[in-house]
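The following paragraphs offer a guided reading of a protein–DNA model. Please keep the sequence and the coordinates at hand while reading.

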Protein chains: 2
Amino acid sequence: MNKYPHSTRILVALDCIVFGFDGEELKLLLIKRNFEPEKGKWSLMGGFLEAEEDLEVAANRILYDLTGLKDIYFEEIKTFGKIGRDPVERTISICFFALINIHDHNQDQAKAQNAHWLNLKNRPSLIFDHNQMVDMALEQLRYKAALHPIGFELLPEKFTIPQLQKLYEAIYDTPLDRRNFSRKILSTKLLIDTGEKNQNSTTKKAILYQLDKEKYQSQFNAFHNFMSDAMI
Amino acid sequence: MNKYPHSTRILVALDCIVFGFDGEELKLLLIKRNFEPEKGKWSLMGGFLEAEEDLEVAANRILYDLTGLKDIYFEEIKTFGKIGRDPVERTISICFFALINIHDHNQDQAKAQNAHWLNLKNRPSLIFDHNQMVDMALEQLRYKAALHPIGFELLPEKFTIPQLQKLYEAIYDTPLDRRNFSRKILSTKLLIDTGEKNQNSTTKKAILYQLDKEKYQSQFNAFHNFMSDAMI
DNA sequence: AATAAATTGTGTTATATTTACACAATTTGA
DNA sequence: TCAAATTGTGTAAATATAACACAATTTATT
C-alpha cells in the first residue's frame with residue numbers, strides 16, 4: 001500500500017480553538033489534560049487524523065466529541081509543522097477555530113473530555129504551540145468578523161442589538177458607539193425583528209432580532225464594514 | 001520512535017500555486033509531468049514533507065527548486081485531505097500560493113522541472129484536486145489583494161501606476177477607473193516617485209514608482225480599500 | 001403615584017470618502 | 001504640424017462615517 005516508497009509518513013493531528021461568549025467576555029473551551037503527555041496541563045481539544053477519514057470529517061468528529069454538536073461553524077487557520085513542536089513524536093497539526101453558542105453544547109460530553117470554559121483574556125498557558133494557535137485564532141476571528149457576519153454564530157438564535165454590540169466589544173476589546181453600531185448593523189438588512197423583546201432586563205427591554213438566514217448565505221462573501229480599523 | 005502507538009502516519013505533501021503577471025494577464029507556473037503518476041498531464045508543483053523538515057522550510061525548498069528564488073512571498077491557503085484525492089496512496093496536501101515577478105526566476109530551474117507559464121484564464125485541466133486548489137488560490141488572492149498591498153510582489157521593483165492598474169484589472173477581471181485608481185493608490189503613501197519614467201512607451205511616459213518598504217511592512221496589516229466590492 | 005436610574009431607539013450635523021465625470025500635457029508616427 | 005494614444009490632475013455630487021443629543025421604556029425607590 002506504500003506506493004510512494006521514498007517518502008516519510010507523518011502523524012497528522014487536528015487542534016481546535018472553540019470560542020464562546022457569555023454575554024460579557026469571550027471564552028475558550030479548554031482541556032485539563034488527564035492523560036499523557038503533559039498530563040495535568042491545559043491544552044486545546046485535538047485528535048489524530050485517521051487512516052480512512054476525510055480531514056473535514058475528522059474536524060467534525062473532534063468537535064462532536066467535545067460539544068455534542070454537529071454542523072458547527074468552523075474554519076481552518078493554518079497547519080503547524082515545526083520539527084519538535086510535539087516532543088513525543090514528529091506531528092503536524094491542522095489548526096482550526098469554531099464558534100458556538102455557549103449554552104448549546106452538551107455538558108456531559110464536555111465533562112467527559114474534562115473541558116472547561118475559561119476567559120480568553122486571562123487563560124492559562126497551554127502546552128506545545130497551542131498558545132500561538134490561540135493567538136492566531138483570535139487574530140483570524142477579528143479579521144473575519146470585521147468583514148463578514150460570523151459573530152451571530154456565538155449568540156443564541158434570538159438576540160438584541162446591545163448583546164451583539166457587547167460581543168463585538170469583547171472580540172475587539174474596545175468600546176463602540178451604540179448609535180453608530182446599531183445603524184451599521186441594521187443597514188446590512190441581515191436582521192429580522194421578531195416582534196419580541198428581551199424579558200431578561202431590568203430596564204428598557206430591547207428588541208429581539210433573528211438572523212435572516214437566506215440573506216446571510218447570499219451576502220456572506222460580500223464585504224461589510226463592521227469595524228473600521230480598530231482591529232488588526 | 002513511534003510513541004503514539006495507536007495512530008496512523010500519513011503522507012504529507014505540499015502543493016504550490018505560483019502566480020505571475022506578464023503585463024497583460026495573470027499566469028500560472030505549471031508542471032507538464034514527465035513522471036508518474038499521471039505522467040503527461042498538467043499539475044501544480046509539489047513535493048512531500050520530509051521527516052526532519054519544518055513545514056515552512058519545505059515550502060521554501062519546493063519554491064526554490066521550481067524558481068531558484070528565495071524569500072518569495074507565499075501564504076498558506078488550506079490543507080486538502082479527502083480520502084482518495086491522490087489515487088496512489090492516502091496523502092494530505094498543504095496548499096499555498098506564491099507571488100513572483102515573472103522575469104526574476106531561474107529559467108533553467110523551471111525547465112528542469114518541465115514548468116511552463118500558462119495563462120490563468122485558459123489553463124488546462126490539472127490532476128487530482130489541483131483545479132480546486134487553483135480556484136481557491138485565486139479567490140484568496142482576490143481577497144487579500146483587495147485589502148493588503150500584495151500586488152507589488154508580482155511587479156518589477158520599479159513600476160508605473162498604469163502597470164499596477166493593469167495588474168488589478170487582471171486579478172479581478174474587471175476594468176477600473178484610471179483616475180480613481182491612481183488617487184487611491186497614491187493616498188496610501190506606499191509609493192515613492194523614483195524620478196524616472198518608463199521608457200518602454202510609445203506615448204506619454206509614465207512615472208516609475210518604487211515601493212516604500214518600511215511603510216509596506218508597518219502598514220501591511222492595515223486595511224486598505226483597493227477594491228470596493230467588485231471582488232468576491 | 002411620582003420620580004430617579006439605567007438602558008434602549010432614533011435623529012442630526014460635520015467631516016471624510018467614493019464615484020462619476022472633464023480637461024490639459026506628453027510622446028510618437030503619419 | 002497634427003492626429004492618436006496615453007498619462008496626470010481636478011471637481012462636483014453622492015455616499016458613508018463619526019461625533020454627538022434627546023426622547024422613550026422599565027424597574028426600583030420614595
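In this predicted model, a phosphate oxygen of DNA strand C is 3.3 Å from an N or O atom in the side chain of Asn225(B). The elements that give two or more residues to the surface near DNA strand C are α5 (178-187) of chain A together with α5 (178-187) of chain B. The largest share of that surface, four residues, is supplied by α5(B). In total, 19 residues surround DNA strand C, and the closest are Arg178(A), Arg179(A), Thr203(A), Arg179(B) and Thr202(B). Of the atoms of DNA strand C that come within 4 Å of the protein, sugar and phosphate account for 49%.

Two further contacts to DNA strand C come from chain A. For Arg178(A), a polar side-chain atom is placed 2.6 Å from a base oxygen of the strand. For Thr203(A), a polar side-chain atom lies 3.0 Å from a sugar or linking oxygen of DNA strand C. Sorted by class, the surface near DNA strand C consists of ten charged, six polar and three nonpolar residues.

DNA strand D may be read in the same order. It is surrounded by 18 residues, of which the closest are Arg179(A), Thr202(A), Arg178(B), Arg179(B) and Thr203(B). Within 4 Å of the protein, 49% of the atoms of DNA strand D belong to sugar or phosphate, and the rest belong to bases. Which part of DNA strand D does the side chain of Asn180(A) approach? An N or O atom of that side chain is 3.0 Å from a base nitrogen. Phosphate oxygens of DNA strand D are approached from both chains: a polar side-chain atom of Asn225(A) lies 3.4 Å from one, and a polar backbone atom of Ile207(B) lies 2.8 Å from one. Here too, α5 of chain A and α5 of chain B each supply at least two residues of the surface. The class composition near DNA strand D is nine charged, six polar and three nonpolar residues.

The ends of α5(A) can be described in local detail. At the N-terminal end, Asp177(A) acts as a cap, with a side-chain oxygen 3.0 Å from the backbone nitrogen of Arg179(A). Arg179(A) is also listed among the closest residues to DNA strand C and to DNA strand D. Just after α5(A), Lys189(A) takes a positive phi of about 60°.

In chain B, strand β10 (residues 207-211) has two pairing partners to consider. It pairs in the antiparallel sense with strand β8 (residues 158-159) over two bridges, and Phe159(B) has Tyr209(B) as its bridge partner. Strand β9 (residues 191-197) of chain B is also antiparallel to β10(B), joined by four bridges. In β10(B), Tyr209(B) stands opposite Asp193(B). Residue Ile207(B), whose backbone approaches a phosphate oxygen of DNA strand D, falls within the range of β10(B).

Attention now turns to the region covered by a record. The UniProt annotation "domain: Nudix hydrolase", from an unreviewed entry, covers residues 3-142 of chain A. This span is 23% helix and 34% strand, and its end C-alpha atoms lie 43 Å apart.

Strand β2 (residues 26-32) of chain A is mostly covered, with six of its seven residues buried. It pairs with strand β1 (residues 9-21) of chain A in the antiparallel sense over three bridges, and Gly20(A) is matched with Lys27(A). Four residues lie between the strands of this hairpin, in which Gly23(A) takes a positive phi near 100°. Five bridges join β2(A) to the antiparallel strand β7 (residues 115-119) of chain A, where the bridge partner of Leu28(A) is Leu118(A). Two bridges join β2(A) to strand β3 (residues 42-43) of chain A, again antiparallel, and Lys32(A) is partnered there by Trp42(A).

The cysteines conclude the account. A search of the whole structure finds zero disulfides over all chains. Why does Cys16(A) form no bond with the closest cysteine sulfur? The sulfur of Cys16(A) is 7.9 Å from that of Cys95(A), which is too far for a bond, given that a disulfide requires sulfur atoms within 2.5 Å. In chain B, the sulfur of Cys16(B) has its closest cysteine sulfur in Cys95(B), at 7.9 Å, again too far for a bond. Cys16(A) is buried at a relative accessible area of 1%, and Cys16(B) is buried at 0%.

How values were computed. Residues are numbered from 1 along each chain as its sequence is written. Chains are lettered from A and ligands numbered from 1 in the order in which they are written. This is a predicted model: local features need pLDDT of at least 70, side-chain atom pairs count only at pLDDT 80 or more; totals for chains, interfaces and linings use all residues. Side-chain values use heavy atoms; hydrogens and water are left out. UniProt positions are given in the numbering used here, feature names are shortened, and annotations may be inferred rather than shown by experiment. A residue is near a molecule or strand if one of its heavy atoms lies within 4 Å of it. A polar contact is a pair of N or O atoms within 3.5 Å; within protein, one must be able to donate a hydrogen and the other to accept it, and residues adjacent in sequence count only if both atoms are side-chain atoms. Ala, Val, Leu, Ile, Met, Phe, Trp, Tyr, Cys and Pro count as nonpolar, Asp, Glu, Lys and Arg as charged, and the others, Gly among them, as polar. Buried means under 20% relative accessible area, exposed over 50%, partly exposed in between (1.4 Å probe, protein chains only). Two strands pair if DSSP finds at least two bridges between them.
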